[in-house]
Structures are given as C-alpha cells and as structure tokens.
Amino acid sequence: MRQWIWGVKRMLAGSMNLLNQREAGCLLCGKSIVNAAGRRFHSGRIRDIETLCRDCSASVPWITAVKCAVCGRAEACGDCARRASTLFACNRSAVRYDPFMKRMLALYKYRGHERLEPALVDMLSAAYEALTDEVLAKSERPRSVRKHPWDGVTYVPVSEERAAERGFNQAERLAAGLARRYGLPLAPLLVRTKHGAKQSFKTRAQRIRDMRHVFDADEEGMAKLRLKFNMDGGAEGRGGRALQLLLVDDIYTTGSTAQACARILTGRLGAGTVVYVLTWARS
C-alpha cells in the first residue's frame, strides 16, 4: 500500500514539475507561456513559437521583406554593391541584429544559456522555410516531388580555441537543430585553420582581410558527400541540377565569412556547386 501511495506521489510530483516548467517556460525571460505562445513570421503568415512568450516574440525584429536579393537585408546594402563578385548564391536571415537580438545571442554564446537554443532554431526555421520555398520555386521539379533542394547542410566552423572557450560551436548547433527538424543531411565540410580575435571586435576591412586562408576542407566530410551525390546519380542523374549546399551561421555582417567558406566549398566540390547561406541574424 505504501509503495502504491509513494508511486502515486512520484507521478503527481512529475506532473507538477512538467507544469511548472511549462508555466515558467519563456526561454528568454522566464515568463509563463501557458496559452500565450509567441509568434514568428514566414512569408507573411504568423505562426506560434512554443518557446517564447508573446512579449518577447513581439520584440523580435523579423525580416519579413528582403530588399537586397544577395544578402537578404531588409534595406539597401552597400556591402553587396561594393563586392566585385559573390561566390554564394544568396543569404537569407530570420531577424535584424538589433540590441535585443544581440543580448539574446550573447546570453547563448558567452553566458552559457544554452536553453535559448530551441528559440534560436525556431527563429531560424522561418528563414529556412522561406529560402527553401524560394529555391524550390526555381526548380523544374515540383514541391510535391522534393521536400527540400539540399544535397548537404553544413556550417561555419570555429577554431579549437574558440570551441574550448565556449564549449560548443553555435553555427553547428543551429545547423544540427534544422537537420533534426526537417530531416536534412548534415555534413561537416569545413575546418578552421586559423584562430584570431572575435569578428565582433573588427572593422569591415579587418573582417575581409582576416578571412583569407582561414578555412580549409574537411576532406572526410567532402568525400562522403561526393560519394552520396555520385550514388544518387550526380548532376546528370538529377536532370543536370548542380550540387546544392546550405551553409549555416549565426550572423551575416559583411559577407566575408560566407565568401571565404563558399570559396573552399566550390573550389573543392566543383564549379557547379551552388552555396546558399542561412543565418539567424543580419546585422
């Protein structure tokens, strides 16, 4: 009898813990999100985010209209106008990098608030779905035949020193979160060979200069991707479609990181490779 009562108490305690977690659930402010789910935008539609309360979600500076077709900025872009050529097809971002988003990312990257990760992936998902729709709309094969156009999803690597300092690579975590959510083929294709000061401390000219010779190929990852692509029939077996990659990072600033990574990816995987960039925020 006592064992039965103890079992019932444990079940009730477990249920209360789940309820309390749900009531305290906003991953940013801790505010109750019971019957008050947040919102996110996707192609003009509003959809719920279970991980944020309405107040925090209402403060998110979503990018709902793209003005620069290259970098995905919500306004005219001088960086893209100054760049002679772009080695990636385009970048799309979920939010503008305003002070509120800067604080959120700092809590995640530098303060150990890894509980914010689901909210970041929720936000990034809006940009992912919009970009996927955009790419599939240009494809000759209908959406009903292909769920996504990506032969591989990869991420911007960090140096061993930076990984040891933070304990993780935020770009890898975001890419892995998308891969799990949408059934995407996650592929580690790049390594960072040079450690330097944080990008946030640098000027635009320093960012562009310092990105030279920073990345190299992950030969094992690229070999596996080539093998899978060839087994699937390669470009010829896919009606002439090129190898399409999705490169994930947290912030797009000048595009120098995306450009450097795309140079390695297209150089090692072939000129027919098309790299699309997906970032959580556009600064």
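A residue is called buried when its relative accessible area is under 20%, exposed when it is over 50%, and partly exposed in between, with a 1.4 Å probe and protein chains only. The structure above is a predicted model, in which local features need pLDDT of at least 70 and side-chain atom pairs count only at pLDDT 80 or more, while totals for chains, interfaces and linings use all residues. Residues are numbered from 1 along each chain as its sequence is written, and side-chain values use heavy atoms, with hydrogens and water left out.

**Exercise 1. Find how the strands of the open sheet are ordered, and which strands stand at its edges.**

Step 1. Helices (H or I, at least four residues) and strands (E, at least two) are DSSP runs numbered from the N terminus, and the protein has eleven helices and eight strands of this kind.

Step 2. Two strands pair if DSSP finds at least two bridges between them. Four strands make up an open sheet with parallel pairing, and their order is 3-8-7-4.

Step 3. Strand 3 (90–96) and strand 4 (152–155) each have a single partner strand, so they stand at the edges, and one side of each is left without a neighbour in the sheet. From one strand to the next, the twist averages 20 degrees.

Step 4. Within this sheet, strand 7 (residues 244–252) pairs with strand 8 (residues 274–282) in the parallel sense over eight bridges, and L247 stands opposite V277 of strand 8.

Step 5. Helix 5 (residues 117–137) lies across strand 3, strand 7 and strand 8, and runs at about 145 degrees to strand 8. Such angles run from 0 to 180 degrees between N-to-C directions, with axes taken as lines fitted to C-alpha atoms, for helices over the stretch in contact, where contact means heavy atoms within 4.5 Å.

**Exercise 2. Classify the aromatic pair of F88 and Y252 and that of Y128 and Y182, and decide whether each ring residue is buried or partly exposed.**

Step 1. Rings of Phe, Tyr and Trp (its six-membered ring) pair if their centres lie within 6.5 Å; planes under 30 degrees apart count as stacked, over 60 as edge-to-face and the rest as tilted. By this rule there are four aromatic pairs.

Step 2. F88 and Y252 are 6.2 Å apart centre to centre with 75 degrees between the planes, which is an edge-to-face pair. Because F88 lies in the loop between helix 3 (78–82) and strand 3, and Y252 in strand 7, the pair ties together parts that are 164 residues apart in sequence. F88 has 3% relative accessibility and therefore counts as buried, and Y252, with a relative accessible area of 3%, is buried too.

Step 3. Y128 and Y182 have centres 4.5 Å apart and 35 degrees between the planes, a tilted pair. Y128 belongs to helix 5 and Y182 to helix 7 (residues 170–182), so that the pair links parts 54 residues apart. Y128 is buried at 4% relative accessibility, whereas Y182, at 24%, counts as partly exposed.

**Exercise 3. Work out how many disulfides the structure holds, and why C68 has no bond to C71.**

Step 1. A disulfide is a pair of cysteine sulfur atoms within 2.5 Å, and the structure holds zero of them.

Step 2. C26 is in no disulfide, since its nearest cysteine sulfur, that of C29, is 3.6 Å away. The sulfur of C68 is likewise 3.6 Å from the closest cysteine sulfur, in C71, which is too far for a bond.

Step 3. C26 counts as buried at 2% relative accessibility, and C68 counts as buried at 10%.
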